[in-house]
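Take a moment to turn the structure around on your screen before reading on. We will then walk through it together, step by step.

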Amino acid sequence: MNSLQNTAYLSNDGHYTIFCFGKTRLKFIAPYSLEYYTKVVEWDYGYIVVMAKYTHNQVEIEEYIDLLPVLDDLQMERDAFLKPIKAV
């Protein structure tokens, strides 16, 4: 299987975090002062460690995104959605 087919994408749009995989696009509220995500440090089956740049700070800050509560709130099957993802 092509590695791009197993890659999810993380970005932001204003005050929202966007997580895309395949044809699924999850959009949820991000911190109000988030400018952008600079790097994905780690992907661990729904748990993402990222570096983020905020308007109130000159340096990047390590942040943590847990997709499991988002998937649960949307009543999505965790394993079916997360298992194919190998990279973000």
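Over how many bridges do strand 1 and strand 2 pair, and in which sense? Strand 1 and strand 2, the latter made of residues 16-21, are joined by five bridges, and they pair in the antiparallel sense. Keep in mind while you look that this is a predicted model.

To see one of these links up close, find Tyr9. Its bridge partner is Cys20, which sits in strand 2.

Now widen the view a little. Strands 1 and 2 belong to an open sheet of three strands, arranged in the order 1-2-3 with antiparallel pairing. At its edges lie strand 1 (9-13) and strand 3 (24-29), each of which pairs on one side only. If you ignore direction, neighbouring strands in this sheet are turned by 25 degrees against each other on average.

Follow the chain onward and you will meet another sheet. This one is also open and has three strands, here in the order 4-5-6, and again the pairing is antiparallel. Strand 4 (34-44) and strand 6 (61-66) are the edge strands, with a partner on one side only. From one strand to the next, the twist averages 35 degrees.

Let us look at one pairing in this sheet too. Strand 5, which covers residues 47-54, pairs with strand 6 through six bridges, in the antiparallel sense. A residue to look for here is Tyr47: its bridge partner in strand 6 is Asp66.

With both sheets in mind, step back to the whole chain. Its secondary structure comes to two helices and six strands. Reading from the N terminus, the order of the elements is β-β-β-β-β-β-α-α, so you meet the strands before the helices. How compact is the chain for its length? Its radius of gyration is 13 Å, close to the 12 Å that the globule rule gives for 88 residues, so the chain is as compact as a globular protein of that length.

A few more values round off the picture. Along the principal axes, the C-alpha atoms fill a box of roughly 40 × 25 × 20 Å. Of the 88 residues, 34% count as buried. The accessible surface comes to about 5800 Å², and 52% of that belongs to carbon and sulfur atoms.

Finally, think about contacts between residues that are apart in the sequence. Among the contacts with a separation of 6 or more, 31% are between residues 24 or more positions apart.

Note on methods: Residues numbered from 1 in each chain as written. Predicted model: local features only at pLDDT ≥ 70, side-chain atom pairs only at ≥ 80, totals over all residues. Heavy atoms only, no water. Pairing = 2+ DSSP bridges. Helix = DSSP H or I, 4+ residues; strand = E, 2+ residues; numbered from the N terminus. Axes fitted to C-alpha atoms, helices over the stretch in contact; angles between N-to-C directions. Rg over C-alpha atoms; globule rule 2.2 N^0.38 Å. Buried < 20%, exposed > 50% of the residue type's maximum accessible area, 1.4 Å probe, protein only. Contact = heavy atoms within 4.5 Å. Areas by Shrake-Rupley, 256 points an atom, 1.4 Å probe, with all protein chains shown as cover.
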